[in-house]
Amino acid sequence: MKVAQADILIVPGYTNSGPEHWQSRWQEKLSTARRVEQDAWSKPVREDWTTRFADCVNESERPVVVIAHSLGVATVVQALPALKKPIKGAFFVAPPEVENPQIRPRHLMTFGPYPREPLPFPSIIVASRNDPFGSFEHAGDIANAWGSLLVDAGEAGHITAESGHGPWPEGTMVFARFLSRLPA
């Protein structure tokens with residue numbers, strides 16, 4: 001699949017992705033990408049976020065490919081029952097442990113628990129070994145449950161501009177390869 005054949009939905013997490021974040025940079029470069037905008041980036045409400053995402057999928061004209069970061073990952077998987085159109089593939093980065101009471105802010109727990117069934121589309125999870133919002137072991141566990149390919153990003157923090165992942169060329173290469181393997 002090529003970029004022009006898909007509606008690419010950028011799904012940021014808690015507090016959105018700023019201008020230096022790799023998601024924002026990718027959105028500028030990918031001609032068919034658009035961000036799933038939320039009304040309250042710093043006060044996420046599961047029902048509001050998942051409804052907004054489902055609306056974007058259901059209104060899409062082309063096959064949907066998702067690029068989700070952090071709480072955006074939880075948003076996507078929790079919205080699956082509300083989708084009327086299929087997702088072609090998902091690129092998930094830094095999924096948080098939404099069931100861990102040690103992770104702050106605590107209200108992110110309202111996005112859990114994650115479903116444990118295999119996802120109905122191909123997916124990749126890129127995870128860091130020192131992410132303060134989710135352990136690599138947790139990412140491996142949900143990748144296993146969902147049937148996702150797990151990509152080890154090494155010690156990459158939360159994979160944001162603050163952790164040195166503004167342009168994130170390695171991520172671009174992994175996404176390009178993933179996209180090229182999706183059937184048109």
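**Charged pairs in the chain**

Visitor: At 46% relative accessibility, what does Arg129 count as?

Guide: Here we're looking at a predicted model. Buried needs a value under 20% and exposed needs one over 50%. Arg129 comes out at 46%, so with those cut-offs it counts as partly exposed.

Visitor: Which residue forms a salt bridge with Arg129?

Guide: Side chains of opposite charge can pair when their charged atoms come close. For Arg129, the closest N and O atoms of the pair are 2.8 Å apart, and the partner is Asp152.

Visitor: How many residues apart are Arg129 and Asp152 along the chain?

Guide: Arg129 sits in the loop between β5 (123-127) and α4 (136-146). Asp152 belongs to strand β6 (residues 149-152). The pair links distant parts of the chain, and the gap is 23 residues.

Visitor: Arg62 and Asp7 meet in a salt bridge too, so which strand holds Asp7?

Guide: The N to O distance for that bridge is 2.8 Å. Arg62 lies in the loop between α2 (46-58) and β3 (64-69), 55 residues from its partner. Asp7 itself is in strand β1.

Visitor: Is Asp7 buried or exposed?

Guide: Arg62, its partner, is partly exposed at 36%. Asp7 has 7% relative accessibility. The cut-off is under 20%, so Asp7 counts as buried.

Visitor: How far apart are the closest N and O atoms of Glu20 and Arg25?

Guide: Glu20 is partly exposed at 46%, and Arg25 is partly exposed at 25%. A salt bridge needs the atoms within 4 Å. Glu20 and Arg25 do form one, with a distance of 2.4 Å.

Note on methods: Residues are numbered from 1 along each chain as its sequence is written. This is a predicted model: local features need pLDDT of at least 70, side-chain atom pairs count only at pLDDT 80 or more; totals for chains, interfaces and linings use all residues. Side-chain values use heavy atoms; hydrogens and water are left out. A salt bridge is a side-chain nitrogen of Lys or Arg within 4 Å of a carboxyl oxygen of Asp or Glu. Helices (H or I, at least four residues) and strands (E, at least two) are DSSP runs, numbered from the N terminus. Buried means under 20% relative accessible area, exposed over 50%, partly exposed in between (1.4 Å probe, protein chains only).
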